[in-house]
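Colleague: I have a model open and would like to learn how to read it. Could you walk me through it?

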Amino acid sequence: MIILGIILIVLGYVAPVPSIIATIGWILLVVGLILTLLGAVGRPVGRKTYF
């Protein structure tokens, strides 16, 4: 999710596409970082724990 967000951000700023692509990229990047942080501290995400 983080990598997809970065790709969409770059695509949104480089290519002549609507800026909504960059906005979606930022949202995916932030959500991916939050989920990564929650998983790193041991908090179950989506009722799943990872060891």
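**Reading a small helical model**

Modeller: Sure. Among contacts in the protein chain between residues at least 6 apart in sequence, 32% join residues at least 24 apart. Keep in mind that this is a predicted model.

Colleague: Okay, basics then. How many helices and strands does the protein chain have?

Modeller: Two helices and zero strands. Helix α1 covers residues 2–14, and helix α2 covers residues 20–40.

Colleague: How do I check the length of a helix?

Modeller: The expected span is 1.5 Å times one less than the number of residues. With 13 residues, α1 should span 18 Å, and its end C-alpha atoms are 18 Å apart, so the two values agree. For α2, with 21 residues, the distance from first C-alpha to last is 30 Å, close to the 30 Å expected.

Colleague: Next, burial. Which residues of α1 are buried?

Modeller: The cut-off for buried is under 20% relative accessible area. In α1 that gives Gly5, Leu8, Ile9 and Gly12. They cover an arc of only 105 degrees around the axis, which puts them on the same side of α1. The face turned away from that buried side carries the exposed residues Ile3 and Val14.

Colleague: And which residues are buried in α2?

Modeller: Ala22, Gly25, Leu29 and Gly32. Their arc around the axis is only 85 degrees, which places them on the same side of α2.

Colleague: What do the buried residues of α1 pack against?

Modeller: They pack against α2, and the buried residues of α2 pack against α1. Across the 51 residues of the protein chain, 16% count as buried.

Colleague: Let's zoom in on one residue. Is Gly12 buried or exposed?

Modeller: Gly12, in helix α1, has 12% relative accessibility and therefore counts as buried. For contacts, look for heavy atoms within 4.5 Å. Not counting residues up to four places away in sequence, Gly12 touches Val17, Ile21 and Ala22. You can also look at C-alpha distances: Gly12 and Ile24 are twelve residues apart in sequence and 9.2 Å apart in space.

Colleague: Which residues is Leu11 in contact with, leaving aside neighbours within four places in sequence?

Modeller: Val17 and Ile21. Leu11 is in helix α1 too, but at 41% relative accessibility it counts as partly exposed. From its C-alpha to that of Gly25 is 9.0 Å, with the two residues 14 apart along the chain.

Colleague: What about Thr23, over in helix α2?

Modeller: Thr23 has 40% relative accessibility, so it counts as partly exposed. Its C-alpha is 9.2 Å from that of Gly5, a residue 18 away along the chain.

Colleague: Now the outside. How do I read the surface?

Modeller: Start with what the surface is made of. The protein chain exposes about 4200 Å², and carbon and sulfur atoms supply 76% of it. Then look for patches. One nonpolar surface patch of about 690 Å² is made by Met1, Ile27, Val30, Val31, Ile34, Leu35, Leu38 and Val41. Ile27, for instance, lies in helix α2.

Colleague: One last thing: what phi does Gly42 take, just after α2?

Modeller: A positive one, about 90 degrees.

Methods. Residues are numbered from 1 along each chain as its sequence is written. This is a predicted model: local features need pLDDT of at least 70, side-chain atom pairs count only at pLDDT 80 or more; totals for chains, interfaces and linings use all residues. Side-chain values use heavy atoms; hydrogens and water are left out. Patches are made of residues with over 30% relative accessible area and no salt bridge: like charges are joined within 9 Å, nonpolar side chains (Val, Leu, Ile, Met, Phe, Trp, Tyr) within 5 Å. Accessible areas come from the Shrake-Rupley method with a 1.4 Å probe; for residues, only the protein chains shown count as cover. A salt bridge is a side-chain nitrogen of Lys or Arg within 4 Å of a carboxyl oxygen of Asp or Glu. Helices (H or I, at least four residues) and strands (E, at least two) are DSSP runs, numbered from the N terminus. Buried means under 20% relative accessible area, exposed over 50%, partly exposed in between (1.4 Å probe, protein chains only). The arc is that of the directions from the helix axis to the C-beta atoms.
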